[in-house]
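Hi everyone, thanks for coming. I'd like to take you through one structure today, a few pieces at a time. Please have a look at it before I start.

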Amino acid sequence: MAYQWTPAQQKVINSEHNKILVSASSGSGKTTVMIERIVNLIKNHKVSVDNILVTTFTNAAAQDMRNKLIDRLTDALQERQDKSFMLEQLQNAEIAQICTLHSFCADLIRKYYYVAGVDSAFSVIQDLEASLKKSKALKKVFDQYLESGDEVFLRLCDIFTRKRRMDQLAKHINQIYTFYRTLPKSKNWLRIEPRLDAVDEYINDYKKLADQYHTVRAKKIIEYAQKIGYEPAIEAATCILEGLPNGQFPSRLPSQRKPKDCDTFTSEFVETSSEFCKTAKKFYQKFYESMPEDDNSSQELVNKLLEVVGKFDKAYTELKKEDFELDFADLEHYAFDILSNEEVYNEIKQTYQYVFVDEYQDINPMQEAIINLFADSKLFFVGDVKQSIYRFRLCDPDIFIKKYQDFKSGADSNNIAIDLNDNFRSVKSILDFNNEIFSRIMTKDLGGVDYQNDARFFDNISDLNSPYPAVNIAIAQVPDEEKIEPDTIYSVKSHINQIIITDYKAEADIIINEISKILQDGRVLKDGLPQPPEYSDIVILFRSLKNKSFEIIKEISKVYPVVSGLETELLSRPEILMLIDYIKVIDNPYQDIALTGALKSVFGQTDENQLIKIRERYKNAEFFYQAVLEYKEKINDDISQKLNAFFENLEKDKKYAACHSLRELILRIITKYSYEEYLLTAFEQADYEYVELFLDLVLQYNTISEFLDYIDNDVISPIIEMPANAQSKAIRVMTIHQSKGLEFPIVFVCGLGNRFNRSNDEVLIDQKVKLGLRNYDFENRVKSDSKTRSAISLFNQKKEMEEEMRVLYVALTRAKYHLVLTGAINQNYKLRGLEPFEILRSTRYIDWILAVLARDKTNLLFGASKFEQLSIAPCYNLEIIPIESIQNYLDFEKPKVSLSDKNLERQILENLNVFYQADRLNQKYTVTELSASEEIPQSVFIYKDQELSLGGIDRGNAYHALMKYIDLNCQSVDEVNAQMRELKERNLLSEDYIKLINPEKILKALKSDIILTAKQNTFYREREFLFYADASQLNLQGSGKVLVQGVIDLLIFTNEGIIIADYKTTKGSEKDLISLYQSQLGIYAKAAENILGEKVIQKTIYSFEMDKEIYL
């Protein structure tokens, strides 16, 4: 395959420098270029594949590189007349050393195990097993300290212990251990003195940015104030300049009052000047107040923490040795030791004459030390520091930055840095948009990259001819939280007493609407031609999939098919916590919290009110367990019956546990109590797959006590990644981190208004300063900031903001054809500036984006001054969607209904989803809403009002709930009643619903022809559906497709076709019911035929009022 290389790419391929660093921007074809360089070495310089080492970040990337190399060598073989050497290289490519750095280290250790002093039969420990061993090692170390009564350790426990649990202390020990193991000669780090000069360095670096910003602003205020002759602003700004060095300001700044009869500009200037001076004074006073010297006990606590880490390291290493296991940090350290052996090194350097390092921006100091040992080889580094987003994994982008700056300077003629900025992924507008944003926020001082001069994209793909813009930004501007009290037509069915406008709900509605528009008007290239997109072309990215993002995903999934893979802590899942509670009670029932949890779940089937009743009756019982026993033995009611059943089962399970493994016990529990069915019915977000993972976890333990030791004392929960659903025809949702290295036709970057999650750990870790703790006053039980901790915090704040900037860069560079940005801001949104210090102190991605776009001279927003206006390429569409009030939010494009039908209006309110619409047409309708638009005879409303007085809606829900679960083979009223009691026990039918149901009418329904037909064929109950239909098919005004949602009560498959049936409790004549529900069942029929592809041969209403079928 012949490529048209750019000059920069050609330079990378042919360069003969000893050390080459390639800064390859997103979509620049770095892997292809690197493979081409390897092929060039083989083809034109007779370099053997055996003499090349290629390291990359993942096994998948390594395999991809290997495949690409084989493909290129196959092509190159056809180009050569002398084919023998090329054929040999092609054969050897299958076993070429293209691997992760850890794989290389593992192979090296297996070959030279005698140098490292490890067993050659070692295995690499898995994450879950490592977590368990760390927990065991921590428990051993903690027990030793507690038994010895070490006073300083006990003070650490006093600081970090919560509710008699040592999980926080364990967490910090593990974090320190993980950090220092990324350092060369890491054990020395535990012993060396901290670099106190770095404390002042960090403080001064931060203050330098603050001083630059405040100095420039103050001088501008003085300059303008002098022009207009406004002395108070000059005096106030001068006070700020004089106070910057030491934070000393007058107790009261000079007052800045607006001159009489001043013009608008002067008035705005006075307000701005006054606000700036007050804010500056407040900032510097707080800044200096947070810098008190460390107290005398701080270093003692730090030394003890480091001592504990050292002992933990030793205990953990011993546990690994017992099972011949090494972790990834061990691989790096042993490989370093082996390569430092002169004899081994001389052999290795002869083998690997060329070393390629991919994703160089994501290495840590220990890995860099390994790579530096190949100094005699020709080194090729490739990466993009703008995409270094793994600081939480302790990757250090500063390694790349420093090497890039060194190579770029030309200080050593053997070294060269080459930029690849031609983009072959995204259309022009997407690249222009990225250039406009990042050239203004990513600088050498903040971000480590001079984006304007070194990293701007060059485009190679034109925008597609699409009605939908290539870059679209839609921002919801919501009011402060405002509540609506329920009115006369508000339904209690929703279990909500008030409505609150939330930013995530407003944003979710915007996303839903934009998806609808992009499916219709967007374009993607398929087979070389612009085509409308499908669901699978769309990816939605979030910074994380928790909290507000999770709520947004739930809203989207109500309308569109969505697939995502969520990562969570296994032992914090409710599915697992309930099992653990019951296991704890089996072990020891005198555990109030565990017993309460077990009684509330499927095992005890009691509710909170019943448990409160038990405790109130026996207040003097020392343990809740004693109160429960007293109640069980002395009271005869529904609660005591549940307690008797609980303890009877508990006794049997105790006996079983005594002679079976923990895993066998859990399998018995989940089978005996129908645990999977319970989860599905009782918890909306429950996932039984977590239970299966839990079963794998407990294989490590034979007994309950052994497992509970881990749960109660060894507090590191394993991280379990749930396998993603393999749906192909769905919108994908993932984190920005998961998207790195990938590209997608259409990308939504959402949640841009969410605040950054800044770390605020009690213990801060730094390579130079080591540890930063607060000052602790144990006598008065107070804690305060310390200078050391504040310095590390300021340093971390800068590094975190640089990381967030890179995360945003990754997000905005994934899209090929359409990039959609969404977020929410409040009505009083304050525009941020573009000075590095203002960027540093921003709290959300939207702050950075709007800091640029709101200053576009074609459309100044949020009070941006004309003096700040920017010339921005016309590459985007920006819409700020104001939600001015609750009423405005609820009334927006609400479907219209007859005011006389209050019950129908009630139903619509219950199902209403709010969207920001185009063409006066909703994108989603419930069947209830669609059927509401028809003319309904007045007589029906009389019947409906009568039904309301009898609790009509709840009555209908009660009948539907029972018909969803009841055994259709019931033959008597007694059997119906027994079924209702059983469903109540399983929490599938409430007592209130049972009171509304007439069992005789249920029995008549079960003996009806429609149920008999169902039993004779295949049938399904309560089948939900979503389908697209043309608006014209549904008698709606407007054009385009709409999404229809509904539930079919009974779906029967016969040889002739489909029968659909709907249960009704509405009063009225047969004619009235036909008139009222004909439209609804017509839509059900369209849905069934559309989705299932079979003919609907019969539509039936079963009326519980008339005890008969009505055929439509």
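I'll go through an open sheet, then a second set of strands with a buried helix, and then two helix pairs.

One reminder before the details: this is a predicted model.

Let's begin with the open sheet. It has six strands in the order 3-2-6-7-1-8, and the pairing is parallel. The edges are strand 3, residues 97-100, and strand 8, residues 415-420; each has a single partner strand, so one side of each is left without a neighbour in the sheet. On average, neighbouring strands here are turned by 15 degrees against each other, direction ignored.

Staying with the strand 3 edge, strand 2 covers residues 52-56 and pairs with strand 3 in the parallel sense over four bridges. If you want a place to look, find Thr56, which stands opposite Thr100 in strand 3. Helix 3, residues 59-79, packs on the sheet there and touches both strand 2 and strand 3. The direction of helix 3 makes about 160 degrees with that of strand 3.

Now swing over to strand 8. Helix 18, residues 397-409, lies across strand 1 (19-24), strand 7 (378-383) and strand 8. Relative to strand 1, helix 18 runs at about 115 degrees.

Next, please move along to strand 24, residues 815-826. How many of its twelve residues are buried? Ten of them are, which leaves strand 24 mostly covered. Strand 9, residues 471-478, runs parallel to strand 24 and is joined to it by eight bridges. In that pairing, Ile473 stands opposite Leu821 of strand 24. Strand 19, residues 744-749, is also parallel to strand 24, with five bridges joining them. Here the pair to find is Phe748, opposite Val820 in strand 24.

That brings us to helix 35, which covers residues 845-853. Why do I call helix 35 largely enclosed by the rest of the structure? Because nine of its nine residues are buried. Among them are Tyr845, Trp848 and Leu853. And what do the buried residues of helix 35 pack against? They meet helix 19 (428-441), strand 9, helix 33 (787-812), strand 24, helix 34 (836-840) and strand 25.

Now follow the chain onward. The loop between helix 35 and strand 25, residues 877-882, holds Gly863. Gly863 is exposed, with a relative accessible area of 76%. Gly863 and Lys830 are 33 residues apart in sequence, and their C-alpha atoms are 8.6 Å apart in space.

Finally, the two helix pairs. Helix 23, residues 574-587, and helix 29, residues 675-682, pack at about 130 degrees, with their axes 11 Å apart. That makes helix 23 oblique to helix 29, and their crossing is right-handed. On the helix 23 side, the contact is made by Pro574, Glu575, Met578 and Leu579, while helix 29 brings Tyr675, Tyr678 and Leu679. By class, that gives six nonpolar residues, no polar ones and one charged.

The other pair is helix 25, residues 608-617, with helix 27, residues 638-658. Their axes come within 11 Å and cross at roughly 95 degrees, so helix 25 and helix 27 are roughly perpendicular to each other. Gln610, Lys613 and Ile614 of helix 25 meet Asp638, Ile639, Lys642 and Leu643 of helix 27. This contact has three nonpolar, one polar and three charged residues.

That's my tour, and I'm happy to go back to any part of it.

Note on methods: Residues numbered from 1 in each chain as written. Predicted model: local features only at pLDDT ≥ 70, side-chain atom pairs only at ≥ 80, totals over all residues. Heavy atoms only, no water. Axes fitted to C-alpha atoms, helices over the stretch in contact; angles between N-to-C directions. Parallel < 35°, antiparallel > 145°, perpendicular 65-115°, else oblique. Contact = heavy atoms within 4.5 Å. Nonpolar A, V, L, I, M, F, W, Y, C, P; charged D, E, K, R; others polar. Buried < 20%, exposed > 50% of the residue type's maximum accessible area, 1.4 Å probe, protein only. Left-handed = near helix turned anticlockwise from the far one by under 90°. Pairing = 2+ DSSP bridges.
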